[in-house]
Amino acid sequence: MADQLDLFVSEKTQAKPMVYAYADKHYPGMLKVGYTARNVEHRVAQQYPTIVPGGKPYTIVFQDSAMYEDGGVFSDHDLHRVLRKRGIP
């Protein structure tokens, strides 16, 4: 039984949770903050299913791991809370 539990517990996720921010050229001066367990570029591109002439309408300006050193994870909601506390809408 312990061997079965070890097998279950020893499996680790391959997900790499990330937080990111991107600028949309249609909304100058604003950033969209997000979270994904996938590739950031792919996640942002999903939000723009139709690319118009002139290239991508967005620029990813920040991306970093959403994991604490102890393995815990935070989300974009946590980032929004910190930004609001600092007076950033």
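In this predicted model, the largest pocket is lined by Gly29, Met30, Leu31, Val33, His80, Leu83, Arg84, Ile88 and Pro89. Its volume comes to about 220 Å³, and two elements, strand S2 (31-36) and helix H3 (76-85), each contribute at least two residues to the lining. Of the elements, H3 gives the most, with three residues in the lining of this pocket.

To place these two elements within the whole, it helps to follow the chain from its start. The protein holds three helices and three strands, and, read from the N terminus on, these elements follow one another in the order α-β-β-α-β-α. Among the contacts between residues at least 6 apart in sequence, 51% join residues that are at least 24 apart.

Turning from the pocket to the outside, one finds that the protein exposes about 7,200 Å², of which carbon and sulfur atoms supply 58%, while 21% of its 89 residues count as buried.

On that surface, Leu31, Val61 and Phe62 form a nonpolar patch, and together these residues have about 290 Å² of accessible area. Leu31 is also one of the residues that line the largest pocket, whereas Phe62 is found in strand S3, which covers residues 58-65. Is Phe62 buried, exposed or partly exposed, and why? Phe62 counts as partly exposed because its relative accessibility is 40%, a value that lies between the limit of under 20% for buried residues and that of over 50% for exposed ones.

Notes:
Residues are numbered from 1 along each chain as its sequence is written. This is a predicted model: local features need pLDDT of at least 70, side-chain atom pairs count only at pLDDT 80 or more; totals for chains, interfaces and linings use all residues. Side-chain values use heavy atoms; hydrogens and water are left out. Patches are made of residues with over 30% relative accessible area and no salt bridge: like charges are joined within 9 Å, nonpolar side chains (Val, Leu, Ile, Met, Phe, Trp, Tyr) within 5 Å. Accessible areas come from the Shrake-Rupley method with a 1.4 Å probe; for residues, only the protein chains shown count as cover. A salt bridge is a side-chain nitrogen of Lys or Arg within 4 Å of a carboxyl oxygen of Asp or Glu. Helices (H or I, at least four residues) and strands (E, at least two) are DSSP runs, numbered from the N terminus. Buried means under 20% relative accessible area, exposed over 50%, partly exposed in between (1.4 Å probe, protein chains only). Contact means heavy atoms within 4.5 Å. On a 1 Å grid over the protein atoms alone, a cavity is a set of points where a 1.4 Å probe fits but cannot get out, and a pocket is an open set with protein on both sides within 12 Å along at least five of seven lines; lining residues have an atom within 4 Å of a point. Grid points are joined across faces, edges and corners, and a volume is the space filled by probe spheres set on the points.
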